[in-house]
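Q: Please take a close look at one part of this structure, namely the charged side chains and the elements around them. A single connected account would be preferred.

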Amino acid sequence: MSKETKFIDVILPLSLPNLFTYRLPEALNEDIQIGQRAVVPFGRGGKLYSALVKNIHHSPPTEYQAKYVESLLDETPIVNEFQLKHWDWMKDYYIANPGDVFSAALPGALKLASETKIVLNAEFDKELISELNDNEYLIFEALEVRNILSLQEISEILNIKNVHRVVKSLIEKRAIVVEEDLKRKYKPKLVQFVRLTEYADNEENLKLIFDEIQRAGKQLETLMSFINLSNRYGERKEVKKLELQKSTGISASIINQLVKKNVFEVYDIAVDRIGTYSNELIGDKTLNDAQTEALQSIKEKFEEKDVVLLHGVTGSGKTEIYIKLIQEAIAKGEQVLYLLPEIALTTQLIVRLQKVFGDTIGVYHSKFNENERVEIWNNVLDFQHTKTSKFQIVMGARSALFLPFSNLGLVIIDEEHENSFKQFQPAPRYNARDAAIVLANIHKAKTLMGTATPALETYYNAQQGKYGLVELTKRHGGVQLPEILCADIKEATRKKRMKSHFSPLLMEQMEEAFKNKEQIILFQNRRGYAPFLLCEECGHVPECNNCDVSLTYHKYSNQLRCHYCGQNKQMPNSCGACGSTRVTLKGFGTEQIEEELAIYFPKIKIARMDADTTRSKNAYHQLITDFEERNIDVLVGTQMVTKGLDFDNVALVGILNADTMLNFPDFRAFERAYQMMSQVSGRAGRKAKRGKVIIQTYDPYHRVIRQVIETDYNAMYSNELVERKQFNYPPFYRLIHFTLKHRDRDMLNAGADEFTNALKEKFGVRVLGPEFPVISRIKNQYHKNVLIKVEREASIKSVRKIITTIKNNFETFSSYKAVKITIDVDPM
C-alpha cells in the first residue's frame with residue numbers, strides 16, 4: 001500500500017508576505033503536528049531555518065517545486081492554536097508579514113538559523129561534561145579553542161547537514177548560548193549580606209572574639225549590632241551589609257576588618273530575579289469600603305462585558321483589587337497575564353506580588369537572556385499538558401502576551417494609557433493593550449485595565465458602553481491627594497527672582513522639605529546637560545552629520561551627542577563656523593538640574609534617573625533602593641520617575657518646565673501632558689501626610705495646568721473630545737501612518753508623491769501628506785510622512801486590502817521602488 005504524501009505550510013522567521021510549502025519525508029508523516037518547528041532549507045544557498053508548521057495538507061505548490069523538510073525539532077508543538085489565531089489577527093490588523101509576528105513572538109533561541117553564532121556558556125559546570133554525547137563534546141571542544149562558531153561551521157565540524165538538534169540539546173544542557181543573547185544578558189541585582197563565619201558561630205569562640213576586640217570600639221559596636229539585628233523577633237534573620245552599616249554609622253572598612261579576623265563573611269543574594277521564593281507569604285489584605293465596592297462592581301460588569309476599565313486616582317489601591325481578582329482566577333485553575341508598560345520600572349510591584357503568590361508568579365521580558373526566556377516559555381507551555389505550572393501568573397512587558405497560554409482566564413493591563421505599550425520598531429508595530437484585549441477574547445477571558453489617567457480612546461469606549469467602567473475617587477488609607485501649586489516663572493524671571501531654573505516657590509518648599517528630612521522628586525523631561533550649543537556671534541548651532549537635529553551637550557562625558565543615531569563629538573572651544581569663542585549652552589536637561597541643585601544645597605544627596613544613568617539594570621535598581629532607604633534626598637529624573645513608584649517619604653514633587661510638554665507638535669500633546677503631570681504628582685504624599693506639587697510654567701492659566709491642579713480628568717477629556725471630533729482624530733477616526741525613507745532626497749520626493757497619489761485615488765481627502773517631519777533626516781535617511789484618517793465605521797479589512805495592493809504595486813513596478821515604506825496602524 002502506497003503511503004500518502006504530506007505537505008506543510010510554514011512561517012519562516014523572515015519578513016515574507018506568504019507562507020512557504022515544503023514536502024514531508026514519509027518517515028515524519030506520523031510525527032508532524034501544527035505548532036512544531038521544522039528545519040527547512042530556504043534561498044539559493046540552501047540556508048537552514050527553524051520554521052513553524054502552520055498547516056498540514058496534501059496539495060503541492062503550483063508556483064515552485066517543494067523542497068523536503070530536513071527534520072522536526074520538537075516532539076510536541078511549542079505554539080498552540082490560540083497563539084496562531086492571535087498571530088493571524090495581528091498580521092492582518094497591523095498590516096505585517098507572518099514572519100514579522102513569528103520573529104516578535106518567539107525567543108531568539110527558538111529561531112535558530114545557519115548564520116546564528118554560538119558561544120560557550122560561562123556559567124556551565126565543567127563537571128557535567130560527561131553528560132554530553134560525542135557530537136556535543138566535539139562542539140564543546142571546538143568552542144574552547146575558537147570561542148565562537150556559526151551553525152554553518154558546526155555543520156562542517158560534525159560533517160552533517162542538520163545540526164539543529166545538537167545545538168538545541170546543548171542549549172538545553174546550558175553548555176552554550178546564542179551570541180546575540182550575551183549582548184542582552186540579564187544580570188540580577190545583587191544585595192550584600194553579612195553572617196558569622198563557621199568559627200564565630202560558636203558560643204565559646206564568640207566569647208574569645210569579644211575579648212579580642214574589646215578595645216576596638218567600632219568593631220565591638222558593629223558585632224553587637226549584628227547580633228541584635230540577626231535575632232529580631234526572637235528568630236535568626238539575614239542581615240544586609242548596608243543595614244548593618246547604617247545601624248552603627250560605620251563604613252564598610254570596619255566590616256572588612258571583621259572579615260579579616262574571621263568573624264564575618266560577606267555574601268551576595270540576587271533579589272530582583274523571580275526564582276524560588278523562600279520567605280513567608282503574607283495573608284490577604286482587607287480591602288477598604290471603596291475598594292470592596294469597586295471589586296464588586298468589576299465582577300458585576302464582567303457579567304455583561306469582557307473588558308472593564310478601573311479608573312482610580314493615584315494611590316487609590318488598585319493593586320489590592322488586582323490581587324483579589326488574580327486569587328479568584330488561579331483558584332479556578334486559570335492562567336493570569338499581568339501586563340505592565342515597562343518591566344524595568346516595576347521592581348516594587350514584583351516584590352509585592354511575590355509576597356502574596358510566591359513561586360506561582362513569573363516574569364517575562366527582554367532583560368532576560370534568550371535561554372531564560374525559553375525556560376519561562378516552556379513553563380507556561382507545560383500548563384497545557386499538566387494543568388499545573390510553576391508560573392500560573394505571568395507579569396511582563398508587551399512581549400509577555402506572546403507566551404503559549406492555554407487557559408487564560410484574566411488579563412490585567414496596568415497603566416493602560418502608557419505609550420510604552422506600543423511597539424515602534426520593528427514590525428509588527430502593535431499596541432500591547434489592544435492586542436491583549438484581542439488575546440483575552442480568543443481565550444474567552446476577562447480583561448481589566450487600570451489607570452489614574454485613561455487614554456482618551458479607552459475612556460470613550462467605556463463611556464459608549466463598549467467597556468465596563470468602575471471608578472475609585474479617593475486614595476487608600478485616607479491619604480489626601482497632593483496640593484498642587486503653580487509657579488509663574490515668567491513673572492519670577494521678570495523680577496529677577498529665579499535661582500537658576502528654580503522659582504522662589506520651589507526653593508522655599510525644597511528648603512522646608514529638607515528641614516523636615518523629607519524627600520523630593522524633580523521632573524524634567526529632557527536628559528543631558530543642555531539641548532544645544534549656540535554661537536552668539538553668527539547663530540551657528542552644531543548639528544549631527546547623520547540627522548537633521550542639533551547635538552545635545554552631556555557634561556559628564558564633555559561631549560555633544562545625537563539622541564537619534566548616537567554620533568558624538570568633543571565639546572568645541574570655539575564656533576565651528578566663524579571661530580568665535582562666544583559659544584553658550586541653551587536650555588537645560590536633568591544633568592544641569594543635578595549640578596545646579598548641588599550648588600544651592602551642597603549638603604544634600606542628589607541622584608539622577610534617566611537613560612544615561614540607568615543603562616545597566618543594576619544601576620536602576622540601585623537608585624530605587626537608595627531612594628527607598630533614604631540614602632538619596634532628591635531624585636532628578638525624566639519620565640521614568642512618573643511610573644508606578646511608591647515612596648513613603650516623598651513630600652514634594654517639582655515639575656520644572658510644563659511648557660515643553662504642552663507645546664509639543666502632536667494632537668495628543670494636551671492629553672499626554674495631563675497624564676504625565678498627574679502621574680508625577682501622584683508620587684507625592686503617599687502615606688504619612690499630604691504632599692505638595694509645584695508646576696513651573698510661563699502660562700499658569702493654561703487650560704491643562706488648571707485641570708491638573710483641580711485633578712479634573714473629565715474636563716480634559718471633554719475638551720479634547722470636542723477637538724478630536726472637529727479635526728477627525730481618534731476615537732472618531734482610525735489613523736494609519738506611512739513613513740517613506742531613502743538616502744536621496746529627490747528620489748524620496750518623487751517616490752512619496754507617486755505613492756501618495758495612488759492612495760489619494762482610493763481614499764481621496766482622507767490622505768494627508770506627503771510631508772517632511774520636524775526631523776527630516778535620521779541616520780542619513782530622509783523621511784517623509786503620509787497619514788490616512790479612516791472613519792471608525794469603515795471596513796478595516798477593505799482598507800487593509802487596498803493599502804496592501806497599492807504598497808505591493810509600488811514595491812514591484814515603480815521606478816522608485818528603492819524607497820522603503822513602513823506602515824504604522826494606530827500610531828502613538
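A: A salt bridge is counted here when a side-chain nitrogen of Lys or Arg lies within 4 Å of a carboxyl oxygen of Asp or Glu. The coordinates belong to a predicted model. By the rule just given, the count comes to 29 salt bridges.

One such pair is formed by Glu153 and Arg146, whose side chains meet at 3.5 Å, N to O. Since its relative accessible area is 28%, Glu153 is classed as partly exposed. Arg146 is also classed as partly exposed, with a value of 43%.

A second pair consists of Asp74 and Arg37, with 2.8 Å between the closest N and O atoms. This salt bridge links distant parts of the chain, 37 residues apart: Asp74 lies in the loop between strand E5 (71-72) and helix H1 (81-93), and Arg37 lies in strand E3 (residues 37-42). Asp74 counts as buried because its relative accessibility is 6%. Arg37 counts as buried because its relative accessibility is 3%.

A third pair leads to helix H11. Asp306 and Lys446 form a salt bridge in which the closest N and O atoms are 2.9 Å apart. The two residues are separated by 140 residues, Asp306 being in the loop between H11 and E12 and Lys446 in strand E17. With 38% relative accessibility, Asp306 is partly exposed; with a relative accessible area of 24%, Lys446 is partly exposed.

Helix H11 itself (residues 289-304) comprises 16 residues and spans 23 Å from its first C-alpha to its last, close to the 22 Å expected at 1.5 Å a residue. Its buried residues are Gln291, Ala294, Leu295, Ile298 and Phe302. They lie on the same side of H11 because they cover an arc of only 100 degrees around the axis. The packing partners of these buried residues are strand E12 (307-312), helix H12 (318-331), strand E17 (446-451) and strand E18 (468-472). On the face turned away from the buried side, H11 carries the exposed residues Asp289, Glu293, Glu303 and Glu304. At the start of the helix, a side-chain oxygen of Asn288 comes to within 3.2 Å of the backbone nitrogen of Ala290.

Salt bridges also occur as a network, which links Glu671, Arg703, Glu720, Glu723 and Arg724. Within this network, Arg724 has its place in helix H24 (residues 713-726). Its relative accessibility of 2% is the reason why Arg724 counts as buried. The side chain of Arg724 also reaches the backbone oxygen of Pro730, at 3.0 Å. Leaving aside residues up to four places away in sequence, Arg724 touches Leu456, Glu457, Phe667, Arg668, Glu671, Tyr729, Pro730, Pro731 and Phe732. The loop between helix H23 (703-709) and H24 contains Thr711. This residue has a positive phi of about 50 degrees although it is not a glycine. Thr711 is partly exposed, its relative accessible area being 42%.

Arg800, located in helix H26 (residues 796-813), presents another case. This residue is buried yet has no salt bridge. The nearest side chain of opposite charge is that of Asp92, 5.2 Å away, whereas the cut-off for a salt bridge is 4 Å. The backbone of Asp92 nevertheless offers a polar contact: its oxygen lies 2.6 Å from a polar atom of the Arg800 side chain. Not counting residues up to four places away in sequence, Arg800 touches Asp92, Tyr93 and Ile95.

Some backbone features complete the account. The peptide bond between Gln425 and Pro426 is cis, with omega about -10 degrees, and Pro426 is situated in the loop between strand E16 (408-414) and helix H15 (432-442). Another cis peptide bond joins Gly769 and Pro770, with omega about 5 degrees; Pro770 belongs to strand E31. The loop between helix H25 (745-763) and strand E31 (767-771) holds Gly764, which is partly exposed at 31% relative accessibility. A distance of 9.5 Å separates the C-alpha atoms of Gly764 and Ile788, which are 24 residues apart along the chain. Finally, Asn262 lies in the loop between helix H10 (252-260) and strand E11 (264-270). Its phi is near 65 degrees, a positive value in a residue other than glycine, and with 36% relative accessibility Asn262 counts as partly exposed.

Methods:
Residues are numbered from 1 along each chain as its sequence is written. This is a predicted model: local features need pLDDT of at least 70, side-chain atom pairs count only at pLDDT 80 or more; totals for chains, interfaces and linings use all residues. Side-chain values use heavy atoms; hydrogens and water are left out. Helices (H or I, at least four residues) and strands (E, at least two) are DSSP runs, numbered from the N terminus. Buried means under 20% relative accessible area, exposed over 50%, partly exposed in between (1.4 Å probe, protein chains only). Lys and Arg count as positive and Asp and Glu as negative; His and the chain ends are not counted. A polar contact is a pair of N or O atoms within 3.5 Å; within protein, one must be able to donate a hydrogen and the other to accept it, and residues adjacent in sequence count only if both atoms are side-chain atoms. Contact means heavy atoms within 4.5 Å. The expected span of a helix is 1.5 Å times one less than its number of residues. The arc is that of the directions from the helix axis to the C-beta atoms.
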